[in-house]
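Here's a quick walk through one model, starting from a single residue and working outwards. Have the viewer open while you read.

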Amino acid sequence: MTNTETIKMQLKNTNETLKLGEIIGKSLKPGSIIALVGDLGAGKTVLVKGIAKGLGVDEEPNSPTYVIMNSYKGRIPLYHFDLYRVSSEDELLDIGYDEFFFGDGVAAVEWADRVQGIFPDHTIKIEITIPESDSENSETTREIIIEGTKEWVLSFKNTAEQAFQT
């Protein structure tokens with residue numbers, strides 16, 4: 001991806017993860033694609049729940065592990081993909097993923113690292129990790145790395161910094 005910017009954040013708990021997702025959701029436009037990467041239990045679905053809230057989705061998303069994709073109505077439609085059980089790009093072609101990636105909604109894709117070749121340059125990549133630590137809060141702390149177009153990241157960064165000021 002050319003002309004990109006990266007920001008790193010540390011979130012203390014699930015509420016902050018939801019809040020970050022909501023801020024991201026409010027910043028998205030039709031055609032936005034979010035590629036989420038992280039271990040099992042890292043918080044990808046929690047972040048998508050926040051994104052859904054930011055998009056004005058009333059229904060709470062659940063991870064669509066067995067159906068690959070769920071759609072939700074909001075001010076912008078949300079297409080929530082879970083690629084945990086997908087082994088190739090061909091499987092996504094069979095379900096017509098490109099209609100959802102290049103349509104009128106926002107695609108949030110969990111386990112995006114399983115089929116990296118399908119994502120266009122404007123994809124917002126989010127990696128969520130659980131830091132290794134001996135602290136008692138390590139179970140809820142998350143490190144987030146967000147990479148996207150320079151324009152989007154700089155705009156988002158200002159909003160996020162204001163929202164997370166203590």
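In which helix does I51 lie? I51 lies in α2. Before going further, a word on provenance: this is a predicted model, where local features need pLDDT of at least 70, side-chain atom pairs count only at pLDDT 80 or more, and totals for chains, interfaces and linings use all residues. Residues are numbered from 1 along each chain as its sequence is written, and side-chain values use heavy atoms, with hydrogens and water left out. Helices (H or I, at least four residues) and strands (E, at least two) are DSSP runs, numbered from the N terminus.

**Around I51**

I51 is buried, with a relative accessible area of 0%. Here buried means under 20% relative accessible area, exposed over 50%, and partly exposed in between (1.4 Å probe, protein chains only). Leaving out residues up to four places away in sequence, I51 touches G21, E22, I24, G25, L28 and I34, where contact means heavy atoms within 4.5 Å. From C-alpha to C-alpha, I51 and S27 are 9.4 Å apart in space and 24 residues apart in sequence.

What about the rest of the helix? Eight of the eleven residues of α2 are buried, so α2 is largely enclosed by the rest of the structure. The buried ones are K44, T45, L47, V48, G50, I51, A52 and G54, and they pack against α1, β2, β4, β5 and β6. Just after α2, G56 takes a positive phi of about 80°.

**Two helices side by side**

Two packed helices are described by the angle between their axes and the distance between the axes. For α1 (residues 14-27) and α2, the axes come within 6 Å and cross at roughly 45°. That makes α1 oblique to α2; angles under 35 degrees count as roughly parallel, over 145 as roughly antiparallel, 65 to 115 as roughly perpendicular and the rest as oblique. Axes are lines fitted to C-alpha atoms, for helices over the stretch in contact, and angles run from 0 to 180 degrees between N-to-C directions.

On the α1 side, the residues that meet α2 include L18, G21 and I24, and on the α2 side L47, G50 and I51 are among them. The residues of this contact divide into six nonpolar, six polar and four charged. For that split, Ala, Val, Leu, Ile, Met, Phe, Trp, Tyr, Cys and Pro count as nonpolar, Asp, Glu, Lys and Arg as charged, and the others, Gly among them, as polar.

**The sheet behind it**

Next up is the sheet. It is open, has seven strands in the order β1-β7-β6-β2-β5-β4-β3, and its pairing is mixed. At the edges stand β1 (4-11) and β3 (69-72), each with a single partner strand, so one side of each is left without a neighbour in the sheet. From one strand to the next, the twist averages 15°. Two strands pair if DSSP finds at least two bridges between them. Three of the pairings look like this:

| Strand pair | Sense | Bridges | One bridge or facing pair |
|---|---|---|---|
| β2 and β5 | parallel | four | A35 and V109 |
| β1 and β7 | antiparallel | eight | L11 and R142 |
| β6 and β7 | antiparallel | five | I128 and I144 |

Helices lie against this sheet too. α2 (residues 44-54) lies across β2, β4, β5 and β6, running at about 155° to β2. α5 (residues 150-163) touches β1, β6 and β7 as it packs on the sheet, and its direction makes about 140° with that of β7.

**Odd backbone spots**

Most residues other than glycine have a negative phi, and most peptide bonds are trans. Which residue in the loop between α2 and β3 has a positive phi although it is not a glycine? That is I68, with a phi of about 75°. I68 is buried, with a relative accessible area of 16%.

W111, in the loop between β5 and β6, is not a glycine either, yet has a positive phi of about 60°. W111 is buried as well, with a relative accessible area of 11%.

**Out at the surface**

Is E99 buried or exposed? E99 is exposed, with a relative accessible area of 59%. E99 has its place in α4 (residues 97-101). E99 and D113 are 14 residues apart in sequence and 20 Å apart in space, C-alpha to C-alpha.
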